[in-house]
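Me: I have this one open and want to go through its pockets, packing and odd backbone spots. Can you take my questions as they come?

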Amino acid sequence: MKTKDRNFASDNYAGIVPECLAAIMEANSGHAPAYGNDVWTRRACATIREVFETACDVFFVFNGTAANSLALAHLCRSYHSVICHTTAHIETDECGAPEFFSSGSKVLLATGEMGKVSPVEVTKLVKFRNDIHYPKPHILSLTQATEMGGVYRPAEIAELGALARELGLKVHMDGARFANAVAALGCAPKDLTWKAGVDVLCLGGTKNGMLAAEAVIFFNSELAAEFDFRCKQAGQLASKMRFLAAPWITMLNDGSWLRHAAHANRMATLLAKRLRTISGLSFDGKTQANSVFITLPKPAIAKLRKRGWSFYEFIGNGGIRLMCSWDTSEQDVLDLATDVAAVLH
């Protein structure tokens, strides 16, 4: 039986990692120039360039919806379209913000296993029509890790990146859980981004234990021109920017961003292992990052909720998502698995 306040609904539910709090406190000393003209913001941008091993333009915003929507709006015109997976956050969970900020760009939906866009689907959508009545495909948006827990490998992104270039598309990556993907694959961040053809990455920090930290990273400076004006117009230019930027310095320099992500991934792997010993449930896909997807009978779901567990039901009839975070403990996993077994038998 659940005995403490822990849930598996979202990694957004978790608190702030100690390193982030310490960095904010350190930056909270005296006065500093506003709107990003401070030493912390400059250092954070330099640190991100070091991590990705390339020159890039970096902008900090408050949340992932703003990061995705403003980046997409900056890359396309109102008569363009954005290709993404049917489960992508920009399609299902951003209240039409990408279309709103781009003044009407349309989202075109592709399918693929575990939330990963199929190259064949991308080609079909681009070549379906080329007349003036069809919203012209202009951007391919990838989610890393995906909403269904899938992780694109470097070769998969490179294939899609090359295809995008062939079809005349720019590549946007929603990296709300990018750290989890890097930790799972053990590869360099550059291999999942600019080296594979990604033009702009929305690098998430919030789901990885930071406060309000999303970085929009343009790997092509020409594409970044005047993006700062777009952030200001959208109310995403923080006056006290140093408090958004400072945690990035610590988290990236000491490896915390990957350490916390790897822990969340391990807890998901452990949870999946424990749940596989229980009869009466089925799995929806493999555990590749920090989420586990299972199908339970409706009565069992109701009993779990009655026992105090929180989780999302959005996959389909009986499907639930169990998301691990930086502070998920082994005991949390064992307690949940115990209760799942109890409500099924």
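Reply: Below are short answers on pockets, a cavity, one helix pair, a salt bridge and two backbone details; note that this is a predicted model.

Me: Start with the largest pocket. How much space lies in it?

Reply: About 410 Å³. It has 23 lining residues, and the closest to the centre are Asn-12, His-89, Asp-93, Arg-177 and Lys-207.

Me: Which helix gives the most to that lining?

Reply: H3 does, with 4 residues. Helix H3 covers 64–75, and both H3 and E5 supply at least two lining residues each.

Me: And what is the split of that lining by class?

Reply: The largest pocket is lined by 9 polar, 8 charged and 6 nonpolar residues.

Me: Back to Arg-177. Which residue does it form a salt bridge with?

Reply: Asp-11, with 2.8 Å between the closest N and O atoms. Arg-177 sits in the loop between strand E5 (170–175) and H8, while Asp-11 is in the segment before helix H1 (18–27), so the salt bridge ties together parts that are 166 residues apart in sequence.

Me: How many salt bridges does the structure hold?

Reply: There are 10 salt bridges in the structure.

Me: Next, the second largest pocket. What volume does it have?

Reply: About 300 Å³. Its lining has 16 residues, of which Tyr-35, Gly-36, Thr-41, Val-58 and Phe-59 are the closest to the centre.

Me: Which elements give two or more residues to that lining?

Reply: Helix H2 (39–52), strand E1 (57–61) and helix H9 (227–233). By class, the lining of the second largest pocket comes to 8 nonpolar, 4 polar and 4 charged residues.

Me: What about enclosed space? How many cavities of 30 Å³ or more does a search of the whole structure find?

Reply: The search finds 1. The volume of the largest cavity is about 50 Å³.

Me: Which residues line that cavity?

Reply: Leu-72, Cys-76, Val-82, Pro-98, Glu-99, Ser-102, Ser-105, Lys-106 and Val-107. Helix H5 (97–101) and strand E3 (106–110) each contribute at least two of the lining residues.

Me: How do those divide by class?

Reply: The cavity lining has 5 nonpolar, 2 polar and 2 charged residues.

Me: Changing topic to packing. At what angle do H8 and H11 pack?

Reply: About 75°, and the axes of H8 (178–185) and H11 (256–275) are 8 Å apart. The two helices are therefore roughly perpendicular to each other.

Me: Which residues of H8 and H11 meet?

Reply: On the H8 side they are Phe-178, Ala-179, Asn-180, Val-182, Ala-183 and Ala-184. On the H11 side they are Trp-257, Leu-258, Ala-261, Ala-262, Ala-264 and Asn-265. The contact between H8 and H11 has 10 nonpolar residues, 2 polar ones and no charged ones.

Me: Now the backbone. Is the peptide bond from Gln-144 to Ala-145 cis or trans?

Reply: The bond is cis, with omega near -10°. Ala-145 lies in the loop between strand E4 (136–143) and helix H7 (154–167).

Me: One last spot, Cys-95. What is its phi?

Reply: Phi is near 55° at Cys-95, a positive value in a residue other than glycine.

Me: Where is Cys-95 found?

Reply: In the loop between helix H4 (89–92) and H5. H5 is also one of the elements supplying the lining of the largest cavity.

Conventions
Residues are numbered from 1 along each chain as its sequence is written. This is a predicted model: local features need pLDDT of at least 70, side-chain atom pairs count only at pLDDT 80 or more; totals for chains, interfaces and linings use all residues. Side-chain values use heavy atoms; hydrogens and water are left out. Axes are lines fitted to C-alpha atoms, for helices over the stretch in contact, and angles run from 0 to 180 degrees between N-to-C directions. Angles under 35 degrees count as roughly parallel, over 145 as roughly antiparallel, 65 to 115 as roughly perpendicular and the rest as oblique. Contact means heavy atoms within 4.5 Å. Ala, Val, Leu, Ile, Met, Phe, Trp, Tyr, Cys and Pro count as nonpolar, Asp, Glu, Lys and Arg as charged, and the others, Gly among them, as polar. On a 1 Å grid over the protein atoms alone, a cavity is a set of points where a 1.4 Å probe fits but cannot get out, and a pocket is an open set with protein on both sides within 12 Å along at least five of seven lines; lining residues have an atom within 4 Å of a point. Grid points are joined across faces, edges and corners, and a volume is the space filled by probe spheres set on the points. A salt bridge is a side-chain nitrogen of Lys or Arg within 4 Å of a carboxyl oxygen of Asp or Glu.
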